[in-house]
Amino acid sequence: GDAGLIVNEAPTYYDLRLAFQGKAAHAGMHPELGSNALLLAAKVLSMLPVGRVDAETTLNFGLVRGGQAVNAVPETVELLGELRGHNAKTLETVLGHIRGVAEAEAAQCKEAAYDLQAEVSFHGFALPPEHPGIMAIQAAMCACGVAPHLERSNGGSDNNVFVARGVPGVVLSGAYADPHSRNEHLHVRDLDAMARVLEALLAQFAAHPFRAPLAVG
């Protein structure tokens, strides 16, 4: 984002581990004696809303682990993924849907079972535009000719941890483009703008310190 970007909302993030238990068997001699955990995992995955669930929620499974050999019916398979979003009720609904689909599909397979582990990696935050800290940042940006604008992000940062511990904060753009790619770059003019913003922020908060209650969403 540009030098005026202020991220005042970020999501809650769940680490997901969805494991399936089947039964091993020789794939060539007695495949009918086995229960294919990989096939079960694939069926369940195909029925989940992977991708953008709604405007403020995403679900992704990015790693698959399991199996022992190409000539054996896979007995165990696990899917590793993430769920992130801004609405706690929606996140619980998605987790419930994952459990429901996995349970229903496992029940239809011989000697099969599943296990879902969902652990919160970090909690989301939402600071209102009228928060005195945000207003001070906007004033500092305007003072050095940078136009501020608020934005909700679906990415996490150290600020999620700070806010969860009662330290209000937002995330400011470093003004770099194409992050996490080989084309990531930064224009000198934007680097200069961010230096001026930082100087203005230091002056603003030194002159007008504040103590304000935090509204966490």
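What covers the buried residues of H1? Hold that for a minute. I'll start with the model itself.

This is a predicted model. The mean pLDDT of the chain is 92. Of its residues, 96% reach 70 or more. There is a weak stretch, though. Over residues 213-217 the pLDDT is below 50. That stretch still has 16 contacts in the model, beyond near neighbours in sequence. Where pLDDT is low, the predicted coordinates should not be read in detail. I'll leave that stretch there.

Now back to H1. The helix runs over residues 37-46. Its buried residues are Ala37, Leu40, Ala41 and Val44. Look down the axis of H1: those residues fall within an arc of 100°, so they line one face of the helix. The general rule behind this is simple. An α-helix has 3.6 residues a turn, so residues three or four places apart point the same way. And the cover? It includes S2, S5, H2 and S6.

One detail at the start of H1. A side-chain oxygen of asparagine 36 comes within 2.9 Å of the backbone nitrogen of leucine 38.

Follow valine 44 inward. Leaving out residues up to four places away in sequence, valine 44 touches Leu18, Phe20, Val101, Ala102 and Glu105.

That takes us to the core. In general, nonpolar side chains tend to be buried together in soluble globular proteins. Here, the largest nonpolar core has 22 residues. Val44 is among those with the most contacts inside this core, along with Leu16, Leu18, Phe20, Leu59, Leu83 and Ile98. Which elements give two or more residues to the core? Strands S2, S4 and S5, plus helices H1 and H2. H2 gives the largest share, seven residues. There is also a second, separate core, of 19 residues. It includes Ile6, Ala10, Phe125 and Leu127.

Next, leucine 83, in strand S5. Buried or exposed? Leucine 83 is at 0% relative accessibility, so it counts as buried. Beyond its neighbours within four places in sequence, its contacts include Tyr13, Tyr14, Leu16, Leu59, Leu91 and Leu95. Take Tyr14 from that list. The C-alpha atoms of leucine 83 and tyrosine 14 are separated by 5.0 Å, with their positions 69 residues apart along the chain.

Tyr13 is on the contact list of leucine 83 too, and tyrosine 13 brings us to the aromatics. The structure holds one aromatic pair. Tyrosine 13 and phenylalanine 122 have ring centres 5.1 Å apart and planes at 25°. Why stacked? The planes are under 30 degrees apart, so the pair counts as stacked. Tyrosine 13 lies in S2 and phenylalanine 122 in S6, so the pair ties together parts 109 residues apart in sequence. Both rings belong to buried residues: tyrosine 13 has a relative accessible area of 14%, and phenylalanine 122 has 16%.

Last, the backbone. Two residues to check on your Ramachandran plot. Glutamate 111 has a positive phi of about 50°, although it is not a glycine. Glutamate 111 is in the loop between H2 and S6. Alanine 175 also has a positive phi, about 70°, and is not a glycine either. Where is alanine 175? In the loop between strand S9 and helix H5. At 6% relative accessibility, alanine 175 counts as buried.

To recap: H1 turns one face inward, and S2, S5, H2 and S6 are among its cover.

Note on methods: Residues are numbered from 1 along each chain as its sequence is written. This is a predicted model: local features need pLDDT of at least 70, side-chain atom pairs count only at pLDDT 80 or more; totals for chains, interfaces and linings use all residues. Side-chain values use heavy atoms; hydrogens and water are left out. A nonpolar core is a set of buried Ala, Val, Leu, Ile, Met, Phe, Trp, Tyr and Cys residues joined through side-chain atoms within 4.5 Å. Buried means under 20% relative accessible area, exposed over 50%, partly exposed in between (1.4 Å probe, protein chains only). Helices (H or I, at least four residues) and strands (E, at least two) are DSSP runs, numbered from the N terminus. Contact means heavy atoms within 4.5 Å. pLDDT is the predictor's confidence in each residue, from 0 to 100. Rings of Phe, Tyr and Trp (its six-membered ring) pair if their centres lie within 6.5 Å; planes under 30 degrees apart count as stacked, over 60 as edge-to-face and the rest as tilted. The arc is that of the directions from the helix axis to the C-beta atoms. A polar contact is a pair of N or O atoms within 3.5 Å; within protein, one must be able to donate a hydrogen and the other to accept it, and residues adjacent in sequence count only if both atoms are side-chain atoms.
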